[in-house]
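Work through the exercises below with the model open beside you, and try each task before reading its solution.

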Amino acid sequence: MTDRVIAVGGHESDGAAALAGVLGPEVTRVGGGRELVREVRSARAAGERVCVVPMTLGRDPSLVADAARTLLALDAGERAGTLLAEPFGTTAHLVGWLRTLANRVPDDRALLVTAPSGDPFSDADLFRTARLVGQYGRHRVVEVALLGGAPDLAEGVWRCRALGAPGAVVLPAAWAVPEPAGVAHAEYGGPLLSASAAAGVLASRVRQARERYERSGDDGVDRALAADHDHGHAHSHGPDDHGHGHSHGHGHAHSHGPDDHGHGHSHGHGHAHSHAHGHGHSHGHGHGHGHGHSHSHGADDGHGHGPDGGGDHHRALSPAPRTAGESPAEHQGSAPDLVPSHRSPR
């Protein structure tokens, strides 16, 4: 039985349109939703197995969850031969690939990390990605440009020059980043991945999905449903709230209850704040995982205790080890495990 590979694109690839020059004709490219359902049903009717690969580079977790929800619309027979693979890349991969491009840029040029604008959290994550690309690098100036957002490409170049760089090299942090034609003092440093490297990573995702299914019967859908769980704000302000505010990923959790005992949990890169208002003895225990910050403020007494005795935690930047059987293309740029994730960085 043959496999049909379906690549699903979001804002990073202009709805999969930008994948045309990257993926070969043997890969079906869709923008999700009804288009995805139609292609899966067509393949299953022809007796083909299907593997769906969300083509995010780590900045569009909603693409993964939406693909899973779409596949739930299939009937049992169609679901039986359909797998949902892990996303094409994570932010850790993206940082590594961008660092590889940066190594080719002259030292005196600025790096302009560029991608199409998404939601506010995706856009904010691009600034974080740019900061990690520049960390320990040779380039003094690293800025961000958002296509369709602010700062746009022209303003990004202006910022680079205002900081003393003679020009900027555009590093594409998405599939849909055109060459900066007509923008003075800007040149293109891409593409992010060659067609052969992209094909290698895609083949690895499909192989991993197939092996997981054969090993445990897991089609990948249930796990992917929670992919965007940590993408947004979480607030708790109930009158009976006992101060358990949870923020997963990029959000902020606040707990303001009259009986607040200040247990704020921050997972990933959020900030957890617990404020105890009242009299008596109030304890705030903030737990930060990854690069998050936990703060606790009690009316009379507040103690913030992280896993290592403090509220700020910093992880060393180190290359992730390669696991046996992985494609070298997956580790182009030695992508470090910089981003806490429920998914493997491989």
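**Exercise 1. Find what covers the buried side of helix 6 in this predicted model, and say which residues form that side.**

Solution. Begin with the strands, since the cover of the buried residues of helix 6 includes strand 5 (110-116), strand 6 (142-147), strand 7 (168-172) and strand 8 (186-188). Next, go through helix 6 itself, residues 153-162, where the buried residues are Leu 153, Gly 156, Val 157 and Cys 160. These residues lie on the same side of helix 6, because the arc they cover around the axis is only 95°. Then turn to the face directed away from this buried side, where the exposed residues Trp 158 and Ala 162 are carried.

**Exercise 2. Describe what is found at the N-terminal end of helix 6 and just after the helix.**

Solution. At the N-terminal end, look for Asp 152, which caps helix 6 with a side-chain oxygen that lies 3.4 Å from the backbone nitrogen of Ala 154. Then follow the chain past the helix, where Gly 164 takes a positive phi of about 105°.

**Exercise 3. Decide whether Leu 83 is buried or exposed, and list what it touches.**

Solution. First locate Leu 83, which belongs to strand 4, residues 82-84. Its relative accessible area is 1%, and since buried means under 20%, Leu 83 counts as buried. Leaving aside residues up to four places away in sequence, Leu 83 touches Val 50, Cys 51, Val 52, Ala 209, Arg 210, Tyr 213 and Asp 219. Finally, compare positions along the chain: Leu 83 and Val 221 are 138 residues apart, yet their C-alpha atoms are separated by 7.4 Å.

**Exercise 4. Give an overview of the chain, and state where its pLDDT stays under 50.**

Solution. Start with the secondary structure, which comes to 8 helices and 15 strands. Of the 346 residues in the chain, 50% are buried, and among contacts between residues at least 6 apart in sequence, 56% join residues at least 24 apart. The accessible surface comes to about 15,300 Å², with 53% of it belonging to carbon and sulfur atoms.

Now consider confidence: the chain averages a pLDDT of 76, and 65% of the residues score at least 70. Over residues 233-328 the pLDDT stays under 50, although the model has 195 contacts beyond four places in sequence for this stretch. Residues 330-346 also have a pLDDT below 50, and this stretch has 62 contacts in the model beyond near neighbours in sequence. Where pLDDT is low, predicted coordinates should not be read in detail.

Key
Residues numbered from 1 in each chain as written. Predicted model: local features only at pLDDT ≥ 70, side-chain atom pairs only at ≥ 80, totals over all residues. Heavy atoms only, no water. Buried < 20%, exposed > 50% of the residue type's maximum accessible area, 1.4 Å probe, protein only. Helix = DSSP H or I, 4+ residues; strand = E, 2+ residues; numbered from the N terminus. Arc of directions from axis to C-beta. Contact = heavy atoms within 4.5 Å. Polar contact = N/O pair within 3.5 Å; in protein donor to acceptor, adjacent residues only side chain to side chain. pLDDT = per-residue confidence, 0-100. Areas by Shrake-Rupley, 256 points an atom, 1.4 Å probe, with all protein chains shown as cover.
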